[in-house]
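What follows is a walk through one model, from the whole chain down to single residues. Please keep the sequence and the structure open while reading.

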Amino acid sequence: MAQRSNNQLNVSELDFDQIKTNLKQFLRSQDTLQDYDFEGSAFSTLLDVMAYVTHYNAINANIGINETFIETAQSRGSVVGHARQLSYTPKSSTGAIAYIAIDVIGATSNDLTLQKNHRFRTTVDGVNYGFVTTGSYITDNAFFADVEIKQGILKTVEYIYDLNTAEKFIIPDLNVDTATLVVNVRDSEASSTLYTFTIAKSITTVTNTSRVFFLNETFDGRYEITFGDGVIGQSLVNGNVIEIDYLVCNGVDANGATGFTMLDPIEGNADVTITTTQSATGGAARESIDTIRYRAPLTFSAQNRAVTPDDYRALILENFTNAKSAVVWGGEDNDPPQYGKAFMSIIPLVGETLSNAEESTILNTIIKPKAVVSITPEFVNPTYTYVSLEVFYKKNQAETSLSDGQITSLVNQAISDYDANQLRKFDGVLRYSTLLTAIDTAEKSIINSSVRVYLKKRFIPTLNATVRYELEFSSPIYDTNSNESVIYRSSVFTYAEQQCTFQDYLNSTGDRRIRIVRGSGVNQTIVANDVGYVDALAGKIILTGFNPSAFVGAYIELTVIPNSNDVAPKRNNVVAIDLNDVVILGSGDPIISGSAAAGLNYDLIPRHG
């Protein structure tokens with residue numbers, strides 16, 4: 001039997017040097033070239049060219065294959081194209097919304113109308129931003145209450161429909177707020193009659209006479225409007241004039257705006273007093289590639305209906321722009337269970353909770369039209385477990401010229417970045433090892449670090465009334481099984497006309513109860529001996545007999561030591577680092593400095609202070 005030749009070219013390599021080596025080996029295996037010098041001749045240059053061509057082709061093939069899947073595509077155009085096949089349109093930039101009240105001074109008539117797109121202006125960090133009213137308002141007392149204004153500059157683009165051309169109806173601005181799109185069609189340039197077309201959310205309700213348009217993002221990041229074909233949606237005819245009005249916004253830049261001035265008079269009246277009833281919130285940048293990649297499959301699986309918790313979540317993330325993070329759970333998973341309900345909680349882009357108006361909009365316009373009749377959706381505000389940190393690091397002084405204060409500032413910034421990027425969302429887990437890594441890499445001279453983690457819950461009590469309070473931390477509480485209190489700190493409140501704090505203790509049956517004390521150390525006095533208890537395993541502190549008359553600050557805060565340095569939220573709980581309660585202490589490492597007595601002078605940080 002003839003033996004198989006082993007002088008075949010290996011085509012499995014992708015590295016340039018290995019490709020070149022494979023080509024040499026292949027050529028040397030040929031009888032006519034086996035004694036040829038491939039290093040010291042022009043043949044070496046030819047091999048370089050061949051290797052480069054093969055290497056480039058391999059890279060291009062790899063990139064091309066990656067771009068054919070939404071999970072691996074890197075180009076926004078590719079990700080958007082895959083999302084379009086899943087009937088998902090990426091969200092555009094969103095202008096911030098504020099609410100104001102306008103008192104017209106010295107109006108000749110109390111019957112006034114504030115038109116839509118009436119212009120206002122504000123300044124944030126020295127930059128001017130335009131706002132406009134989102135609707136028209138009518139008053140009979142020269143006072144407009146709760147006027148909604150949205151950040152953006154009004155623009156208009158016009159097209160003439162011609163079936164014989166391949167012209168596309170593109171919105172030319174990248175920062176368009178698609179929620180403000182108004183599409184009107186006139187029969188011809190000579191006609192003044194406008195027909196308003198609305199965006200089609202679902203083709204199940206669209207007929208051949210429905211005046212709807214469809215919106216998609218193009219490969220260059222702009223938005224394209226298309227119309228029906230006479231079967232799904234009303235079609236246009238040659239000569240129709242298409243007018244597209246929209247706002248161009250600045251996304252997050254105008255969030256927090258509070259002071260507004262009016263640019264246009266109201267029916268000739270320019271003397272007004274403007275009061276901001278709600279500062280500007282909800283401004284957002286356009287959807288990122290990673291977000292599109294994550295949300296498009298979720299939205300497709302929801303199929304425009306709300307049945308499972310994932311369906312609810314997908315609908316919220318797709319249709320509500322002011323959502324940083326959302327979580328939904330069924331009533332059967334609630335504590336205690338409430339069957340027949342679906343609970344929703346949302347963290348807004350700005351602030352910690354949604355307004356009542358935003359909750360009403362989500363329930364009535366996004367969820368209820370698509371929800372199962374037998375399930376009652378209900379909003380639950382996010383609850384926050386705040387993390388207090390005591391950070392200790394050791395450094396090699398020879399590796400840096402920075403002062404202790406400068407290094408501490410860098411460590412503080414690393415912790416702040418970790419909080420912003422990894423936490424403050426429903427799936428944000430405080431992972432102890434990654435937090436240490438962020439601290440250790442904050443500055444090159446830091447050798448190692450240790451962190452003491454504490455958990456804090458805040459509540460606002462009802463004064464002069466006994467109310468049950470249940471404080472649920474995001475972790476089991478560390479129980480010493482001794483008289484050492486697991487409540488690490490307690491803020492001050494007034495109880496029985498005395499300045500007091502909380503303390504816990506083990507009673508005669510081994511239960512951990514809570515009492516109220518005043519003073520500290522040997523001067524400590526018990527004021528009330530049994531006002532609640534600690535469920536360490538469940539991570540809860542329950543107050544049952546607490547009747548304060550006053551408290552210091554905006555809330556009462558309890559701090560405990562967690563049983564684990566890893567802290568994970570559950571349901572509507574959110575973990576967030578209290579950046580105002582981070583203590584950072586650094587010191588030089590005597591061992592790495594080469595001190596003869598280094599081992600004797602090395603300070604070890606106790607697990608708890």
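Two residues are in contact when heavy atoms of theirs lie within 4.5 Å. By that rule D511, leaving aside its neighbours within four places in sequence, is in contact with Y505 and L506. D511 sits in the loop between β24 (498-506) and β25 (512-518). The helices and strands named here are DSSP runs (H or I over at least four residues for a helix, E over at least two for a strand), numbered from the N terminus.

The model is a predicted one, in which local features need pLDDT of at least 70 and side-chain atom pairs count only at pLDDT 80 or more, while totals for chains, interfaces and linings use all residues. Residues are numbered from 1 along each chain as its sequence is written, and side-chain values use heavy atoms, with hydrogens and water left out.

Start with the chain as a whole. The protein chain holds 9 helices and 30 strands. Its C-alpha atoms fill a box of roughly 95 × 90 × 55 Å along the principal axes. The radius of gyration, taken over C-alpha atoms, is 33 Å, whereas a compact globule of 609 residues would have one near 25 Å; the globule rule is 2.2 Å times the number of residues to the power 0.38. Among contacts with a separation of 6 or more, 68% are between residues 24 or more positions apart.

Next, the surface and the charges. About 31200 Å² of the protein chain is exposed, and carbon and sulfur atoms supply 50% of that area; accessible areas come from the Shrake-Rupley method with a 1.4 Å probe, and for residues only the protein chains shown count as cover. A residue is called buried under 20% relative accessible area, exposed over 50%, and partly exposed in between (1.4 Å probe, protein chains only). On that scale 43% of the 609 residues are buried. The chain carries 46 positive and 68 negative charges, and their mean positions are 4 Å apart. Lys and Arg count as positive, Asp and Glu as negative, and His and the chain ends are not counted; each charge is placed at NZ of Lys, CZ of Arg, CG of Asp or CD of Glu.

Which residues have the most contacts inside the largest nonpolar core? They are L389, V411, F502, I541 and F546, in a core of 49 residues. A nonpolar core here is a set of buried Ala, Val, Leu, Ile, Met, Phe, Trp, Tyr and Cys residues joined through side-chain atoms within 4.5 Å. Beyond four places in sequence, F502 touches eleven-odd positions along the chain, including I487, F493, I514, V531, L543, F546 and L558. Another core, of 23 residues, lies apart from the largest one and has A96, I100, F131 and M262 among its members.To give the F502 list in full, in place of the loose "eleven-odd" above: I487, S490, F493, I514, R515, I516, V531, L543, F546, I556 and L558.

P461 touches one of those core residues. Its contacts, not counting residues up to four places away in sequence, are Y469, F546, P548, F551 and I556. P461 is in the loop between β20 (446-459) and β21 (469-472), and it counts as buried because its relative accessibility is 7%. P461 and P548 are 87 residues apart in sequence, yet their C-alpha atoms are 7.6 Å apart.

P562 is another loop proline, between β29 (556-560) and β30 (573-588). With a relative accessibility of 3%, P562 is therefore buried. Beyond four places in sequence, it touches V453, Y454, L455, S475, P476, I477 and Y478. The C-alpha atoms of P562 and N421 are separated by 22 Å, with the two positions 141 residues apart along the chain counted as their separation.

T94 lies in the loop between α3 (76-85) and β1 (97-104). Is T94 buried or exposed? At 6% relative accessibility, T94 counts as buried. Leaving aside neighbours within four places, T94 is in contact with K150, D177, C249, G251, G282, G283, A284 and T321.

D511 offers another case: its relative accessible area is 41%, so it is partly exposed. The C-alpha atoms of D511 and I266, 245 residues apart along the chain, are separated by 68 Å.

Some backbone details remain. A cis peptide bond, with omega about 0°, joins D335 and P336, and P336 lies in the loop between β16 (323-330) and β17 (341-348). D146, in strand β6 (residues 143-151), has a positive phi of about 55° although it is not a glycine. R424 also has a positive phi, near 60°, and is not a glycine. R424 lies in the loop between α7 (404-422) and α8 (432-440) and is partly exposed because its relative accessibility is 24%.
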